[in-house]
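Visitor: I am new to this structure. Please show me how to read a few of its features.

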Amino acid sequence: MTDPLLTAAELTAFLARDFEQVKDDFTVDEITTQGIRLRLNVAERHLRPGGTVSGPAMFGLADVAAYLAILSRIGLEALTVTTNCSIDFMRKPIAGTDVICDVRLLKLGRRLAVCDALVFSDGDNRPVALASLTYSIPPKQ
């Protein structure tokens with residue numbers, strides 16, 4: 001896998017500038033050798049009845065984490081877009097805790113990127129969801 005071009009701080013600044021509506025939802029915990037670790041800072045709006053994190057919130061976490069993992073390797077290509085995502089929910093997250101997504105870039109080509117994403121409750125190593133994502137990378141100008 002290619003080495004990261006961007007730091008966690010640079011990705012955080014990009015979110016704050018270009019995706020202000022979700023900038024407070026996510027924290028880049030780490031740029032890893034294979035991808036990224038992104039945290040969903042769980043708030044009331046992310047919960048479903050029963051107090052656990054909702055499926056749509058976990059889907060959003062996986063999508064944003066994959067997007068940032070790709071950008072960390074190719075630079076700030078904001079028009080990189082999701083072309084496919086499949087997610088399996090395996091167990092409910094622990095109530096009252098953040099959820100974390102570990103993304104592994106499987107293929108990073110000139111036009112397509114493919115990755116998988118494991119979602120965990122903070123402090124628990126049992127996955128709560130697994131996503132497979134494909135992104136289209138815009139052509140270089």
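Guide: We take a helix, a strand pair and one residue in turn. This is a predicted model, where local features need pLDDT of at least 70, side-chain atom pairs count only at pLDDT 80 or more, and totals for chains, interfaces and linings use all residues. Residues are numbered from 1 along each chain as its sequence is written, and side-chain values use heavy atoms, with hydrogens and water left out.

Visitor: How many residues does helix 2 have, and what does it span?

Guide: Helices (H or I, at least four residues) and strands (E, at least two) are DSSP runs, numbered from the N terminus. The expected span is 1.5 Å times one less than the number of residues. Helix 2 covers residues 55-74, 20 residues, and reaches 29 Å from first C-alpha to last, close to the expected 28 Å. Just after helix 2, G75 has a positive phi of about 95 degrees.

Visitor: Is helix 2 mostly covered or uncovered?

Guide: Buried means under 20% relative accessible area, exposed over 50%, partly exposed in between (1.4 Å probe, protein chains only). In helix 2, 15 of the 20 residues are buried, so it is mostly covered.

Visitor: How do strand 1 and strand 2 run?

Guide: Strands pair if DSSP finds at least two bridges between them. Strand 1 (residues 26-31) and strand 2 (residues 35-40) run antiparallel, joined by 5 bridges. A hairpin of 3 residues links strand 1 to strand 2.

Visitor: Where is R126?

Guide: R126 sits in the loop between strand 5 (112-121) and strand 6 (127-136). R126 is partly exposed, at 43% relative accessible area.
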